[in-house]
Structure formats: C-alpha cells, structure tokens
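Ready for some hands-on reading of a model? Keep the viewer open, try each task on your own, and then compare your path with the worked solution.

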Amino acid sequence: MSRSSLDEVSPTGSFIRTPSTFRNFISKDSASQFPAVSGRYHLYISYVCPWASRCLAYLKLKGLEKAIGFTAVKTKWERTKETDEHLGWVFPRSTTEEPGADPDPLNGARSIRELYELANSNYSGKYTVPVLWDNQLKTIVNNESAEIIRMLNREFNEIAENPDLDLYPSHLQAVIDEVNEWVYESINNGVYKCGFAQKQGPYEEAVVKLLDALDKCEEILSKQRYICANELTEADIRLFVTLIRFDEDFHLNIEDNDVYVLYHFLEVYAVHFKCSKKLIREYPNLFNYTKDIYQISGISSTVNMEHIRKGYYGMLSLNPFGVIPIGPNIDYSAPHDRERFTY
Ligand SMILES: N[C@@H](CCC(=O)N[C@@H](CS)C(=O)NCC(=O)O)C(=O)O
C-alpha cells in the first residue's frame with residue numbers, strides 16, 4: 001500500500017489516488033456509535049491541502065467552530081519517525097514555531113502518522129489530512145473529505161449556528177452529483193494528475209482534460225451565479241478549493257526542474273488554448289466567481305496563502321531546490337460582478 005501520494009504512480013506514469021480508509025459516519029441519532037455532540041470531535045487539517053480546506057470551510061459555513069475544534073499542521077513534510085524514512089505532516093512544538101500551525105491539543109502527537117497509529121496500530125496506508133478525530137473513543141471517525149462535508153452539512157444541525165444552510169438540498173442533489181463527478185475527475189484531482197505524472201502522455205491527457213473542464217465552468221458561470229444553480233451548493237465549495245490554489249499550482253509546474261514539462265506546459269497553453277486562458281484570473285467568470293466564494297463570511301479565513309505556497313513548493317521531489325516564487329498576490333477581496341445573477 002502507498003504511504004504517500006507521491007508514491008501513487010502507475011507503471012505507465014499516471015497518478016492514481018488510492019481510497020481513504022476510515023469511513024465511519026457521525027449521526028444525529030444519539031444512539032449511534034458516533035453521535036453528533038458538541039466537544040467530542042476534532043478536525044486535523046493542513047491549510048495547504050484542498051481536501052482538508054473544504055472541511056474547514058464547512059465548519060465556518062455551518063457555524064460549528066464552537067462544537068468541533070480544529071488544528072492545522074506545519075506546511076512542510078518532515079520525518080515522522082526516527083526509525084524510518086517516511087515524510088509526512090507534522091505538528092509544531094509550539095504555537096510560535098509556524099504561524100497558523102499548532103501543536104496537537106488532544107494527544108500531543110508529533111505527526112499525523114501518530115494519530116493513524118493511535119487509531120489503529122496495524123495501519124499501513126497513507127497518513128493524509130483531513131482527519132476527523134473522535135476524542136472519546138480516541139480514533140479516527142473518517143478521513144475522506146467528501147464524506148466529512150456531508151456529515152457536517154446534515155448531522156450537526158441541532159448544535160450548528162447555521163442549521164438552515166443546506167449545501168446538498170434534495171432538489172439539487174442530482175445536478176450536484178453530476179457536477180462533482182467531472183469537477184473531481186478533471187479539476188480537483190486533475191491538477192494532481194498534472195503535477196504528479198511521471199510521464200509525458202498521462203500529463204498531457206490530464207492537462208487537456210483540465211483545460212476543457214475549466215472552459216466548461218467558464219461557460220456555465222457566464223449564465224448563472226454558482227456552478228449548479230443560482231444558489232450556493234457543496235459543488236461550489238469543492239470547486240473553489242482548487243480554483244483558489246490554481247494560479248499557484250500552475251507555477252508549481254513552471255518551477256518544476258523538469259525542463260521538458262516546463263516547455264510543454266507553455267506550449268499547451270500558448271498553442272492550443274492561447275495564453276489568455278492560462279490562469280484563472282484570465283477567465284472573467286471563473287475569476288469573479290472565485291472572489292465571490294472567497295468573500296462569503298468565514299471562507300477567507302480558510303485560505304492561508306502563505307501555507308499554500310510554502311507547502312506546495314516545499315515538496316522537494318517536485319521542486320528540488322525548494323525555491324518559493326514570489327506569489328501573484330491576487331486580491332480576492334476586490335469587488336466582483338456576480339450579483340448580476342441574483343434575482
Ligand atoms: N481522499 C482524501 C485525500 C486527502 C489527501 O490526499 N490529502 C493529502 C494532502 S492534499 C495528504 O494528506 N497527503 C499525505 C500523504 O500522501 O502522505 C480526502 O479527500 O479526504
């Protein structure tokens with residue numbers, strides 16, 4: 001089994017993500033094994049990680065911060081044990097070591113790996129964030145963000161400050177599911193397929209799909225405020241976490257030490273899609289949409305650009321010298337034009 005996303009490469013050089021392992025559900029039913037009560041659960045995240053950030057966005061949107069605490073790890077992977085070479089997410093030793101990251105308040109763990117091993121001493125998979133931790137049973141409830149956000153949306157309404165916000169309403173479920181599928185395949189996971197591909201073919205296939213999907217989003221967003229309808233849904237949060245990192249991820253490829261990849265990336269954009277389409281900020285609807293979501297109360301606090309930059313460029317196998325380019329410093333709080341769709 002893979003012990004890091006960076007190892008998940010098929011013999012043909014494609015990035016293939018393995019499924020998450022802990023798949024229990026918190027329920028509003030007080031008799032269930034994991035009942036939705038205040039103070040029992042904790043969310044471990046990295047601000048670098050889009051999957052973890054979508055869970056944090058739900059804590060903010062649903063008003064669950066008092067009921068469920070969260071802790072962010074440091075930006076760069078470090079050795080998780082002295083006895084082997086594994087690199088992964090670690091906690092700082094103090095609150096001042098890296099602003100935004102905190103020591104583990106519940107278990108005093110040094111790494112996310114330690115939490116997985118506390119939950120299951122025989123665990124041998126990847127040590128990913130997010131981790132939804134049960135502090136009563138001292139175990140991981142769930143480490144799959146797509147499921148965590150569904151629980152946060154629905155099961156905690158008795159204690160949520162915004163119980164009426166439903167980001168997966170029944171009248172839109174079919175369209176949300178359909179959008180999630182292609183957005184995940186071509187955009188959320190698509191950027192990883194571009195960044196982690198180890199052969200030219202899979203990389204090209206992923207980048208073409210990614211650009212097609214971004215064009216499709218631009219087209220949809222030229223007609224309605226959000227990606228599924230004129231109301232905010234789960235699909236918007238899932239799309240947003242990749243878009244807000246996209247112009248950064250793009251540079252990751254540019255800064256990659258592999259000259260051929262650098263050349264090809266420019267060629268794809270310049271020749272097939274024209275340079276004007278290469279960054280999110282050059283798609284008018286997508287860019288304004290990203291600002292629109294960013295400006296929803298609570299969301300900007302889930303975006304720590306400093307952590308995002310340091311984390312991605314810190315992956316030394318993709319960026320051997322660890323040089324962090326100066327960011328584009330886009331102002332996502334600037335006015336946008338999306339109110340034009342509000343009836
Ligand atoms: N399917 C998981 C994926 C989470 C994931 O891939 N997290 C990455 C960070 S973006 C991670 O923690 N990787 C650690 C590793 O691969 O060792 C989810 O959506 O929750």
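Below are five exercises on this predicted model, each followed by its solution.

**Exercise 1. Find which residues lie closest to the ligand, and list the polar side-chain atoms that approach its nitrogen and oxygen atoms.**

Step 1: Start with the shell. The ligand is surrounded by 18 residues, and the closest are S5, R17, W89, E144 and S145.

Step 2: Sort the shell by class. You should get 8 nonpolar, 6 polar and 4 charged residues.

Step 3: Turn to the ligand's nitrogen atoms. A polar side-chain atom of E144 is 2.7 Å from a nitrogen atom of the ligand, and an N or O atom in the side chain of S20 is 3.3 Å from a nitrogen atom of the ligand.

Step 4: Now take oxygen. The side chain of S145 has an N or O atom 2.6 Å from an oxygen atom of the ligand.

Step 5: Finish with the cover. On its own the ligand has 510 Å² of accessible area, and the protein covers 95% of that.

**Exercise 2. Work out how many residues of α3 are buried, and what caps its N-terminal end.**

Step 1: Mark helix α3, which spans residues 145-154.

Step 2: Apply the cut-off for burial, under 20% relative accessible area. In α3, the residues that pass are S145, E147, I148, I149, M151, L152 and N153.

Step 3: Compare with the length of the helix. With 7 of its 10 residues buried, α3 is mostly covered.

Step 4: Look at the N-terminal end of α3. The cap is E144, with a side-chain oxygen 3.0 Å from the backbone nitrogen of A146.

Step 5: Connect this with the first exercise. E144 also has a polar side-chain atom 2.7 Å from a ligand nitrogen, while S145 is among the residues closest to the ligand.

**Exercise 3. Decide whether K74 is buried or exposed, and name the side chains that it contacts.**

Step 1: Locate K74 in the loop between β2 (69-72) and β3 (78-79).

Step 2: Check its accessibility. K74 has a relative accessible area of 10%, so it counts as buried.

Step 3: Search for its partners. The side chain of K74 makes a polar contact of 2.5 Å with that of E97, and another of 2.8 Å with that of E78.

**Exercise 4. Explain what stands out in the backbone at P130 and at K138.**

Step 1: Recall the usual backbone. Most peptide bonds are trans, and most residues other than glycine have a negative phi.

Step 2: Inspect the bond between V129 and P130. This peptide bond is cis, with omega about 0°. P130 sits in the loop between α2 (112-119) and β5 (131-134).

Step 3: Move on to K138, in the loop between β5 and β6 (139-142). K138 is not a glycine, yet its phi is positive, at about 50°.

Step 4: Add the exposure. K138 is partly exposed, because its relative accessibility is 36%.

**Exercise 5. Describe the second largest cavity and say which elements line it.**

Step 1: Search the whole structure; 2 cavities of 30 Å³ or more turn up.

Step 2: Pick the second largest cavity, which holds about 40 Å³ of space.

Step 3: List its lining, made up of S53, A57, F240, V241, I244, R245, T302 and V303.

Step 4: Assign elements. Those giving two or more residues to this lining are α1 (50-62) and α7 (234-255), with α7 supplying the largest share, 4 residues.

Step 5: Classify the lining of the second largest cavity: 5 residues are nonpolar, 2 polar and 1 charged.

How values were computed
Residues are numbered from 1 along each chain as its sequence is written. This is a predicted model: local features need pLDDT of at least 70, side-chain atom pairs count only at pLDDT 80 or more; totals for chains, interfaces and linings use all residues. Side-chain values use heavy atoms; hydrogens and water are left out. On a 1 Å grid over the protein atoms alone, a cavity is a set of points where a 1.4 Å probe fits but cannot get out, and a pocket is an open set with protein on both sides within 12 Å along at least five of seven lines; lining residues have an atom within 4 Å of a point. Grid points are joined across faces, edges and corners, and a volume is the space filled by probe spheres set on the points. Ala, Val, Leu, Ile, Met, Phe, Trp, Tyr, Cys and Pro count as nonpolar, Asp, Glu, Lys and Arg as charged, and the others, Gly among them, as polar. Buried means under 20% relative accessible area, exposed over 50%, partly exposed in between (1.4 Å probe, protein chains only). A residue is near a molecule or strand if one of its heavy atoms lies within 4 Å of it. A polar contact is a pair of N or O atoms within 3.5 Å; within protein, one must be able to donate a hydrogen and the other to accept it, and residues adjacent in sequence count only if both atoms are side-chain atoms. Accessible areas come from the Shrake-Rupley method with a 1.4 Å probe; for residues, only the protein chains shown count as cover.
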